[in-house]
Amino acid sequence: MQAVIFNSLLILMPVIGAQILGGAFSGATFSDAPSVEAIDQTRHNMDEAFTAMAPRNAADKYKFWHDIVSRELTARDVTAARGFLMTAPQMLSRDEVKELMVAANAEVTGTEDERIAMAALRKLPVDVSQRFAAALGSARNQNTLAEPPEENGEDVPSEAATEEDPAAEEEAPVTEARFALLGTHADLANHSERWLEGDRVDKLVLKITGIGLAQAGQPDAEIETNIRALSILKSARRSRRITPEFTEYLTDRLDDALPDAALKPALEEAFAELATTKVRVERVRAAYKSAIDPHGLARLETDLAQIDRIGSLTNPSAAVTLVEQVKDSADLRRVRLIAEAGGDRSVALVKQMGPHALRIADTGVRWTRELVLQFMGLTAAGLVMFWVTLSTFRRNFHRRPRLEAPQ
């Protein structure tokens, strides 16, 4: 009997242990809002990662750092270039870092990272500094991301169409900075009609646009968060910078928030009768608004809040670069933690390390009830196994051999 118990526990304990490790470090149980300790530890991990990037030879460190900043400026990624300026204390030699920190401490404005970036910029040649200043000014003048047009060009209305269509003028308030990537209600109506007719339309983009524009115009902070995050997602999708795994995940989330079973009948009713452009657009907006499932939208909003936070810690363009590495909701939390810990440095980290940068995020372990019970079960199984082993050993130790009777 004891042998059966021992063998069963020998099989069961690795299974429980694997479940505990999976639950603790898979990211599924991590909190949506990272703790201060997790942010500090991740920041420390980022410092070590940037230090490891630089050459070991002190004489080669400056050239490597200079070249990497120049590379990002050539690629017109001012956020990544600024991030690498902030990493100068980790990538330069000891003597250069001392000079840098003296200059940074002499600055009287800005955060510590901003002071370091300004001091690091002065260590670069004049031509690089001028390129950075020009790129930074250009980036600040951009109110929105530059969204790539579709191959057929139908998503980008021409100037002539805007002048001739009265609805285009009425859509002007919608195309503010925060709505620019979502397009107009007229575009949404046109693409919705094409989708119903079976034309080739990206349903993921259609639903992202539909949810965002259906909520537009409502004075609600949560809706503003949703619209900003949906704009980032649409830009990432249109530029083909979402992983297949995250695309599948988003498709499920969007289908729950805006199910086809509710959307198609609502749109068919909206297009059933002939109407003016203004009436048609309003009917389509009402159709999307009525088809939204509140419970599905609530689940989607948990991810949208993470994406919006990433965008606010960096900028929308940088957020696309960070989201490009995401495969599931756990990765999204990791990216958010990296952005919390590093700001623009997170973009530099991802540009240099790619998806491996997500390993830098130290989210810690959130002890849920399920995880605690599994750990208690593993402890109990270990104690029972120890008792069975000890009992078997004692029984065999005290057993004496039988003496044969003399003949």
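**Close-up views of a helical chain**

**View 1. Tyrosine 249 in helix H14 counts as buried, with a relative accessibility of 17%.** The model shown here is predicted. The cut-off for a buried residue is under 20% relative accessible area, so the 17% of tyrosine 249 falls on the buried side. Phenylalanine 246 has 0% relative accessibility and therefore also counts as buried. These two residues, phenylalanine 246 and tyrosine 249, are three residues apart in H14, so about one helical turn separates them.

**View 2. The whole protein chain contains 21 helices and zero strands.** Of the 407 residues in the chain, 43% are buried. Among contacts between residues at least 6 apart in sequence, 76% join residues that lie at least 24 apart. The accessible surface of the chain comes to about 22,500 Å², and carbon and sulfur atoms account for 55% of this area.

**View 3. Helix H18 spans residues 316-323 and is largely enclosed by the rest of the structure, because six of its eight residues are buried.** The buried residues are Ala318, Ala319, Val320, Thr321, Leu322 and Val323. Their packing partners are H4 (78-86), H13 (221-238), H14 (244-257), H17 (294-313), H19 (329-342) and H20 (344-353). H14 is thus one of the helices against which the buried residues of H18 pack.

**View 4. Asparagine 315 caps the N-terminal end of H18.** The cap is formed through the side chain of asparagine 315, with one of its oxygens 3.1 Å from the backbone nitrogen of serine 317.

**View 5. Aromatic pairs, of which the count comes to three, include one in helix H3 and one in helix H14.** A pair of aromatic rings is described by the distance of the centres and the angle of the planes. The count of aromatic pairs is three. In the pair of tyrosine 62 and tryptophan 65, the ring centres are 5.9 Å apart and the planes stand at 55°, so this pair is tilted. Tyrosine 62 and tryptophan 65 are three residues apart in H3 (residues 58-74), so about one helical turn lies between them. Tyrosine 62 counts as partly exposed because its relative accessibility is 24%, whereas tryptophan 65, at 0%, counts as buried. The pair of phenylalanine 246 and tyrosine 249 is stacked, with 5.8 Å from centre to centre and 15° between the planes.

Definitions and conventions:
Residues are numbered from 1 along each chain as its sequence is written. This is a predicted model: local features need pLDDT of at least 70, side-chain atom pairs count only at pLDDT 80 or more; totals for chains, interfaces and linings use all residues. Side-chain values use heavy atoms; hydrogens and water are left out. Helices (H or I, at least four residues) and strands (E, at least two) are DSSP runs, numbered from the N terminus. Buried means under 20% relative accessible area, exposed over 50%, partly exposed in between (1.4 Å probe, protein chains only). Contact means heavy atoms within 4.5 Å. Accessible areas come from the Shrake-Rupley method with a 1.4 Å probe; for residues, only the protein chains shown count as cover. A polar contact is a pair of N or O atoms within 3.5 Å; within protein, one must be able to donate a hydrogen and the other to accept it, and residues adjacent in sequence count only if both atoms are side-chain atoms. Rings of Phe, Tyr and Trp (its six-membered ring) pair if their centres lie within 6.5 Å; planes under 30 degrees apart count as stacked, over 60 as edge-to-face and the rest as tilted.
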